[in-house]
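User: I am new to reading protein structures, and I would like a close look at the N-terminal part of this one. Please explain slowly, in connected prose, how its pieces fit together.

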Amino acid sequence: MIAHLRGTVAGVAPDGAVIEVGGVGMRVQCTPGTLATFRPGEPAQVATSLVVREDSLTLYGFASDDERNVFELLQTATGVGPRLALAMLAVHAPDALRRAVSTEDLGALTMVPGIGKKGAQRIVLEMKDRLGPPGDGGDVPPRAARRAPSWRDQVQSGLVNLGWQARDADQAIAALEEEGMISGANGEDVNVAAVLRAALRKLSKQ
């Protein structure tokens, strides 16, 4: 079991990153919020979960141990695989998921592409006693507040990876800018994870 990686960011893509550890490049799939904390050439550490399939070994990376643990717990629910679990953490932080499950907030769960009303009901039923109550961690992982080099591309890529069209993603970002909901729109101090979640909330209302 690979519990974490600590190394240098060799490259970042819309759905993952390569972290060089001891001369070996390890590819990890991450949420847009976690990817927003990476900068090529800089050190990084991620909690990891290795998913083994007959034809593949896939390493998933997370900003915190809590996020990794929730990712693994979510996969114990019927019909939830690693891709859907990662999508859930792209839309909601761990405590937000705990809150949605504990309060049976089906609307919050169906914001995740791939989860319908019946799927949300099943997740609530199966996970209510597993995820536990919300803690004091807040809705945004601490490292996600760091500025991304190209926050607009990160948000758009995150939305497209979650199933939205690029045109819809751009419209949602533009609407948030017009409403003054994006601080530092000139490229400084943009909280990519928060903007991504705000855009998802806006898209889910369309």
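Analyst: One word has to be settled before we begin: a residue is called buried when its relative accessible area is under 20%, exposed when that value is over 50%, and partly exposed in between. With that cut-off in hand, we can say that buried residues make up 45% of the 206 residues in the protein. Please keep in mind throughout that this is a predicted model.

To place the N-terminal part within the whole, it helps to know that the protein has nine helices and five strands, and that its elements, read from the N terminus, follow the order β-β-β-α-β-β-α-α-α-α-α-α-α-α. Among contacts between residues with a separation of 6 or more, 60% join residues that lie 24 or more positions apart.

Let us start with the strands. Strand 1, residues 4–13, runs antiparallel to strand 4, residues 43–53, and the two are paired over five bridges; in one of these pairings threonine 8 has proline 43 of strand 4 as its bridge partner. Strand 4 is in turn paired in the antiparallel sense with strand 5, residues 56–62, over seven bridges, and a hairpin of two residues joins strand 4 to strand 5. Within that second pairing, threonine 48 has glycine 61 of strand 5 as its bridge partner. As you look at these strands, remember that in a regular strand the side chains alternate between the two faces of the sheet.

Strand 2, residues 16–21, includes glycine 16, which counts as buried because its relative accessibility is 0%. Once residues up to four places away in sequence are set aside, glycine 16 touches Arg27, Val28, Gln29, Cys30 and Leu35. The C-alpha atom of glycine 16 is separated by 7.7 Å from that of threonine 31, although their positions lie 15 residues apart along the chain.

From there we can move to helix 1, residues 32–35, where threonine 34 is found. Threonine 34 has a relative accessibility of 1% and therefore counts as buried. What does threonine 34 touch, not counting residues up to four places away in sequence? Its contacts are Val46, Gly61, Phe62, Ala63 and Glu67, and you have already met glycine 61 as the bridge partner of threonine 48.

Glu67 leads us onward, since it lies within helix 2, residues 65–74, whose axis comes within 9 Å of the axis of helix 3, residues 82–91. In general, two packed helices are described by the angle between their axes and the distance between the axes. Here the axes cross at roughly 135 degrees, and helix 2 and helix 3 are therefore oblique to each other; the crossing in which helix 2 passes helix 3 is right-handed. Helix 2 contributes Glu67, Val70, Phe71 and Leu74 to this contact, while Pro82, Ala85, Leu86, Met88 and Leu89 come from helix 3. Sorted by character, the residues of this contact are eight nonpolar, no polar and one charged.

Valine 51 now ties the strands to these helices. It belongs to strand 4 and is buried, because its relative accessible area is 7%. Apart from neighbours within four places in sequence, valine 51 is in contact with Ser56, Leu57, Thr58, Tyr60, Phe71, Gln75 and Pro82. Of these, Phe71 and Pro82 also take part in the contact between helix 2 and helix 3. Valine 51 and glycine 81, which are 30 residues apart in sequence, have C-alpha atoms 9.8 Å apart in space.

For a contrast, we may look briefly further along the chain. Glutamate 104 sits in the loop between helix 4 and helix 5, and with a relative accessible area of 47% it is therefore partly exposed. Its phi is near 55 degrees, a positive value in a residue other than glycine, whereas most residues other than glycine have a negative phi.

A second pair of helices also deserves a glance: the axes of helix 8, residues 166–178, and helix 9, residues 192–204, come within 9 Å and cross at roughly 110 degrees. Helix 8 and helix 9 are therefore roughly perpendicular to each other. Asp168, Ala172, Ala175 and Leu176 of helix 8 meet Val195, Ala198, Ala199, Lys202 and Leu203 of helix 9, and the residues of that contact divide into seven nonpolar, no polar and two charged.

Note on methods
Residues numbered from 1 in each chain as written. Predicted model: local features only at pLDDT ≥ 70, side-chain atom pairs only at ≥ 80, totals over all residues. Heavy atoms only, no water. Axes fitted to C-alpha atoms, helices over the stretch in contact; angles between N-to-C directions. Helix = DSSP H or I, 4+ residues; strand = E, 2+ residues; numbered from the N terminus. Parallel < 35°, antiparallel > 145°, perpendicular 65-115°, else oblique. Left-handed = near helix turned anticlockwise from the far one by under 90°. Contact = heavy atoms within 4.5 Å. Nonpolar A, V, L, I, M, F, W, Y, C, P; charged D, E, K, R; others polar. Buried < 20%, exposed > 50% of the residue type's maximum accessible area, 1.4 Å probe, protein only. Pairing = 2+ DSSP bridges.
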